[in-house]
Amino acid sequence: MLLIRCPWCGDRDEIEFKYGGQAHLAYPADPEALSDPEWADFLFMRDNPKGEWSERWMHAAGCRRWFNAVRDTATHRMIATYRMGEGPPA
Amino acid sequence: MVDVRSPLAHRAAALATIDAVEIPLLTQVDVRCSEADAVRLGFPIEPNTVTGDMTRGALWLGPDEWLVVAPPGDPGVIVEGLEALLVDTHHAVVDVSGNRALIELRGPNRLALLASACSLDLDPAGGWAPGVCAQTLLARAQVILQELPDATRVFVRPSFADYVVDRLVAAVR
Amino acid sequence: MSGRRIDGAGSWLDRSLPLAFSFDGREIPAFAGDTVAGALLASGERGGFVSPIVGRPRGVYAAGVEEPNAFVEISTPWFEPIRPATMVNVVDGLAVHARAGVGVLPATPVEPRPARHVHRHVETLVIGGGASGRAAATIAEGRVLVVEEQPVVMDPPPNAVTLTSTTATGIYDDGYVLCYQRVGGLDVFHHVRAERVVLAAGAHERPLAFAGNDRPGVMLASAARAYFERYGVLVGERIVVFSTNHGGHDAAEALASAGAEVVVVDPATQPGPATERLRAAGVEVRLNARVVATDGDAALTGVTVSAADGQRTTLPADVLAVSGGWNPATQLARSLGVGLRYDEGKTCFVHDGSGPEWLTVVGRAAGNVPASFALWVVDDGDDRDKYVELQRDQTVADVAEAVAGGLTDAEHVKRATYIGTTIDQGRTSGVLTAEIVNRLLGWAPGAQGPTNARPPYTPVPFSALAGPDSGPILLDPIRVTPMDAWHDVHGAVYETVGQWKRPRYFPRGDEDMDAAVARETRALRTGVAVLDASTLGKIDVRGPDAGVFLDQMYTNRMSNVKVGSIRYGFMLGLDGMVFDDGVAMRIADDHYVCTTTTGGAAAVMDRFEEWLQTEWTDLRVYCTSVTEQWAVVAVGGPRARDVVQAAGTDADLSHDAVPFMTFRDATVAGVPARICRISFTGELSYELHVSPWHAQHVWDAVMAAGEPFGITPYGTEAMHVLRAEKGYVIVGQETDGTQTPDDLGMSWIVNTAKGDFVGKRSLVRSDMLREDRKQLVGVLTDDPARVLVEGTQLIADATIPEPPAHMLGWVTSSYRSEALGRSIALAVVEAGRGRVGAEIHAVVGETTVPCRVADPVFYDPEGTRRDG
């Protein structure tokens with residue numbers, strides 16, 4: 001059970017959160033301008049690094065805010081969480 | 001004659017065994033607006049805190065969302081009052097009086113009872129005190145907890161209210 | 001074994017409180033503070049323990065959780081199928097029975113021990129109440145919790161809460177530790193979240209593999225010492241101590257001072273400081289010696305010792321205390337993924353310092369254990385007599401056989417021999433086995449360590465894990481509507497929809513489901529019927545951009561719905577597949593209420609918020625869940641208008657005033673109601689959206705007003721039949737996440753002219769344009785009485801071809817239709833719309849059932865009935 005720091009509510013058990021996959025993937029401005037392979041790439045393909053990566057979470061049982069997190073996929077350690085629209089802390 | 005029923009009217013005896021009562025038919029209004037408007041309305045800006053008192057207050061639910069609670073009555077009056085204060089700003093004022101039941105736990109062991117089903121730090125040594133509130137899980141039901149000087153309030157969806165009562169009673173069997 | 005109680009000894013005993021318990025029907029005297037194992041030893045009782053596989057006699061071997069031999073079933077005052085006798089404290093009325101390593105559940109279920117759960121938050125959690133744990137606790141700040149698996153902690157730190165008889169069963173991410181406490185007949189599970197965790201779990205003494213090492217009377221040296229110091233029990237009169245380290249030597253000294261005649265057998269070639277001390281105390285120490293055999297029948301009578309020159313001597317002995325070194329108790333840290341390194345001097349594996357920064361390992365658990373002579377197996381004697389794993393009856397020979405079979409990894413050897421899969425979880429056998437494998441392979445000691453450890457640290461009853469989340473009500477929350485009590489009283493048979501408990505049908509008399517559903521559907525088609533539709537999800541959407549936003553979320557246009565009107569819509573996933581459906585009611589220019597499926601409410605709300613918070617942050621829209629702010633009484637059938645009218649309303653219900661797919665805010669039965677002309681059955685229908693506080697009142701008013709019309713409450717089963725007659729899909733029944741609107745024959749609901757919406761781009765991916773996609777159709781069995789089972793596969797020919805057979809599709813819904821007087825089915829079928837009228841065959845077991853593909857709208861295709 002991870003302890004996840006909601007940028008609004010503070011530390012809460014993982015069970016209060018909903019996972020949202022890779023962060024910082026913008027919805028294409030004009031999906032119709034994309035070829036089938038380009039659209040499929042946006043739709044289905046995600047990074048899978050060993051180590052730090054950015055992902056989205058939502059405090060489902062709390063303030064219902066979506067936010068971003070940096071987690072180390074090798075150690076399962078949450079390194080930082082930050083609000084939507086903010087960059088990851090240095 | 002209109003038969004008005006609160007969600008836990010049939011559970012008074014079970015609630016009594018855990019030193020709790022239902023506060024029926026409370027007025028509850030969900031307000032969405034900007035932080036600036038919230039300051040103007042006297043709503044709390046600090047997350048998970050409450051302004052007002054146990055009869056009339058505003059609970060922080062999110063950075064642009066508050067729950068206004070007021071004594072039973074016509075929620076429309078409260079809605080209209082808030083609408084008037086927020087006119088010409090982007091906002092939503094929604095009557096949600098029926099959307100949550102309210103259980104008030106009153107015994108000295110109430111926080112220990114809640115700790116049987118809730119992973120929040122409900123210990124005064126951890127900062128839990130009158131004036132704070134939190135949206136969290138009580139067993140597997142979403143709730144809002146609000147700490148009062150001599151009681152703790154549990155707001156829960158009416159459909160989950162029987163489950164929450166059963167789960168709290170089971171916690172001490 | 002001829003154990004006896006020594007006057008005045010035993011710091012854990014309360015001699016003023018004599019107790020007795022029943023062991024296999026015999027009364028055994030004890031004192032408060034005793035364990036079953038200690039009291040048996042004090043009475044000179046071997047206990048009749050046997051090994052589980054080959055049935056060899058065994059005796060008490062340890063004094064804690066590492067016990068591999070002495071297990072009991074507890075029958076009174078509570079039931080537990082198996083527990084180490086070393087971990088059962090004697091209480092009044094206790095009755096236990098010896099168990100050979102395997103618990104037996106009673107034929108009839110017994111009430112489990114009651115179990116509570118509690119969440120705790122502390123700044124520091126110390127696991128282990130020994131000297132190191134107490135020292136760590138004393139200097140810790142803030143809230144400090146000490147947990148100790150034994151029932152006694154000497155000098156508990158005053159700044160800490162100390163829980164005894166409490167085992168940390170697992171350490172998880174971010175300082176989350178589960179602790180299992182036994183308080184008499186009550187189990188308590190503590191969910192501890194700690195900023196800092198100190199692991200001070202001590203070390204477990206290791207046995208040695210020599211011939212005859214499983215004979216009753218052979219036990220760990222630390223255990224022999226503990227029985228004296230804790231319980232005042234001297235386990236034997238003539239004790240041989242076979243020890244590689246000063247921990248074992250210290251035990252020998254303690255046993256000698258307690259009055260036993262002690263001989264120490266030490267494989268070391270040179271004397272150490274302990275040797276001199278022991279000799280000074282009058283204890284004989286044989287250096288450069290090994291135990292090579294034991295004598296005795298059911299109990300030890302002698303120990304054969306081999307000297308360096310090979311000369312053998314047999315010493316009379318009733319106890320052989322063994323100490324082969326010490327294994328730091330790192331299991332809890334290892335389950336987090338921390339590493340071990342081999343310490344040559346101590347001949348053990350110690351924490352390598354890795355792991356999360358919030359975890360500290362101290363004391364013996366950190367490797368602060370005695371140096372030990374490197375000995376695991378005594379060469380003399382038959383390897384089949386040298387036991388490695390007592391609870392699995394596995395010997396050095398068994399390990400050798402696994403290695404000879406090609407296994408080189410301790411993990412594989414574990415799975416081949418089951419060593420370490422026992423109640424003691426390999427505490428006595430794990431390192432020993434790894435070193436035997438290393439030795440057999442010619443590898444250096446420590447080349448590989450013991451198998452990994454997983455939680456729980458010690459066995460935990462399922463009843464304790466479940467705690468209050470047990471019993472039929474509490475397996476999963478059950479959500480009920482405000483009219484639930486009425487449904488109950490009126491005999492509803494329920495079904496679970498998501499977490500909701502919904503009436504499936506209301507049988508009368510001895511009706512079965514088919515009869516009840518036929519009656520309920522007939523009532524709705526010919527008269528009037530009423531459904532509790534409160535479970536529909538409802539979301540209040542407000543703001544100047546609400547219309548623009550909903551245009552993006554739904555496939556069709558919601559921004560041009562007129563105020564007071566309602567539009568049905570689909571939501572798609574980004575992949576173009578149908579995600580949920582519902583209606584949008586326009587309350588004002590900047591205000592809608594959207595409904596969702598019963599099961600999809602939370603997912604739709606989450607999705608609305610996701611797009612608003614993460615993509616379209618400039619849209620001025622607020623969403624509020626109002627699912628339970630509105631209960632819904634759905635009145636349907638040709639007489640629906642009459643009934644709502646008769647229930648009393650200030651609204652003009654005429655078709656012109658409230659046409660199909662519009663609503664009016666008015667009153668019904670004296671309370672505010674939103675009257676919506678929506679139909680999921682094809683009949684004239686009014687959904688009355690009212691406050692949940694008034695729901696029962698309105699339901700009662702509708703039932704009373706409908707009585708002259710024969711109003712019939714109906715459930716979800718009739719609702720499913722009625723909508724299937726109309727070919728209306730249920731998301732999640734006709735769909736499984738692989739259907740587009742076009743697959744469902746509903747391309748009319750997709751407005752491609754309005755701009756982008758979620759899923760739009762995917763609808764023109766090449767795969768979506770394939771002509772052989774599965775499409776929704778009706779399926780009619782040639783035999784009108786035949787009702788296919790939902791999920792039935794459909795094929796082209798009457799004979800089932802050899803595998804792999806080509807499946808054309810499957811049945812998604814199937815019912816007997818009262819209105820049509822026959823069975824009907826919906827199905828998804830490859831290029832199905834082109835097959836309407838064609839033959840198709842349903843696979844039922846080894847045979848097929850002939851069917852015909854049909855249009856999915858079976859009833860009133862012209863839609864003449866919805867306006868009454």
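**A five-stranded sheet, a buried helix and the contacts between chains**

Pro77(C) sits in the loop that links β6 and β7 of chain C; helices (H or I, at least four residues) and strands (E, at least two) are DSSP runs numbered from the N terminus. The peptide bond leading from Thr76(C) into Pro77(C) is cis, with omega near 5°. The structure is a predicted model, in which local features need pLDDT of at least 70 and side-chain atom pairs count only at pLDDT 80 or more, while totals for chains, interfaces and linings use all residues. Residues are numbered from 1 along each chain as its sequence is written, with chains lettered from A and ligands numbered from 1 in the order in which they are written.

The two strands that flank this loop belong to an open sheet of chain C. Its five strands follow the order β3-β2-β8-β6-β7, and the pairing is mixed; two strands count as paired if DSSP finds at least two bridges between them. In general, strands of a sheet pair through backbone hydrogen bonds, in either the parallel or the antiparallel sense. The edges are formed by β3 and β7 (80–84) of chain C, each of which pairs on one side only. On average, neighbouring strands of the sheet are turned by 40° against each other, direction ignored; the axes behind such angles are lines fitted to C-alpha atoms, for helices over the stretch in contact, and angles run from 0 to 180 degrees between N-to-C directions.

Following the sheet from the β7(C) edge, β6 (residues 71–76) of chain C is joined to β7(C) by three bridges in the antiparallel sense. Here Phe71(C) has Pro84(C) of β7(C) as its bridge partner. At the other edge, β2 (residues 14–23) and β3 (residues 26–32) of chain C run antiparallel and share seven bridges. These strands form a hairpin with two residues between them, where Asp24(C) adopts a positive phi near 50°. Phe23(C) is a handy landmark: across from Phe23(C), in β3(C), stands Arg26(C), and in β8(C) the bridge partner of Phe23(C) is Val96(C). The pairing of β2(C) with β8 (residues 95–99) of chain C is parallel and spans two bridges.

Further along chain C, α16(C) is a helix of twelve residues that reaches 16 Å from its first C-alpha to its last. This is close to the 16 Å expected at 1.5 Å a residue, the expected span being 1.5 Å times one less than the number of residues. Nine of its twelve residues are buried, so α16(C) is largely enclosed by the rest of the structure. A residue is buried if 20 or more other C-beta atoms, placed from the backbone, lie within 10 Å of its own, exposed if 12 or fewer do, and partly exposed in between. Among the buried residues of α16(C) are His697(C), Trp699(C), Ala701(C) and Val702(C).

A helical partner for α16(C) is α15 (residues 640–647) of chain C; the two axes come within 8 Å and cross at roughly 115°. Val643(C), Ala646(C) and Ala647(C) of α15(C) meet Ala701(C), Val702(C), Ala705(C) and Gly706(C) of α16(C), where residues are in contact if their C-beta atoms, placed from the backbone, lie within 7 Å. These contact residues divide into six nonpolar, one polar and no charged. In this classification Ala, Val, Leu, Ile, Met, Phe, Trp, Tyr, Cys and Pro count as nonpolar, Asp, Glu, Lys and Arg as charged, and the others, Gly among them, as polar.

Past α15(C), the loop leading to β40 (663–668) of chain C contains Met661(C). Met661(C) shows a positive phi of about 65° although it is not a glycine, and with 17 C-beta neighbours inside 10 Å it counts as partly exposed. Thr347(C) is also a non-glycine residue with positive phi, about 45°, and lies in the loop between β26 (340–343) and β27 (348–351) of chain C. Thr347(C) is buried, with 26 other C-beta atoms within 10 Å. Another cis peptide bond, with omega about 0°, joins Pro455(C) and Pro456(C).

Turning to the interfaces, 38 residues of chain C are in contact with 38 residues of chain B. On the chain C side, the elements giving two or more residues are β9 (115–127), β34 (537–542), β38 (622–625) and α16 (695–706). The largest share, five residues, is from β9(C). By class, this side has 16 nonpolar, 13 polar and nine charged residues. Chain A and chain B each give ten residues to their contact, and the chain A side comprises five nonpolar, one polar and four charged residues. Chain A itself has one helix and six strands, in the pattern β-β-β-α-β-β-β.

Conventions: Contact = placed C-beta atoms within 7 Å.
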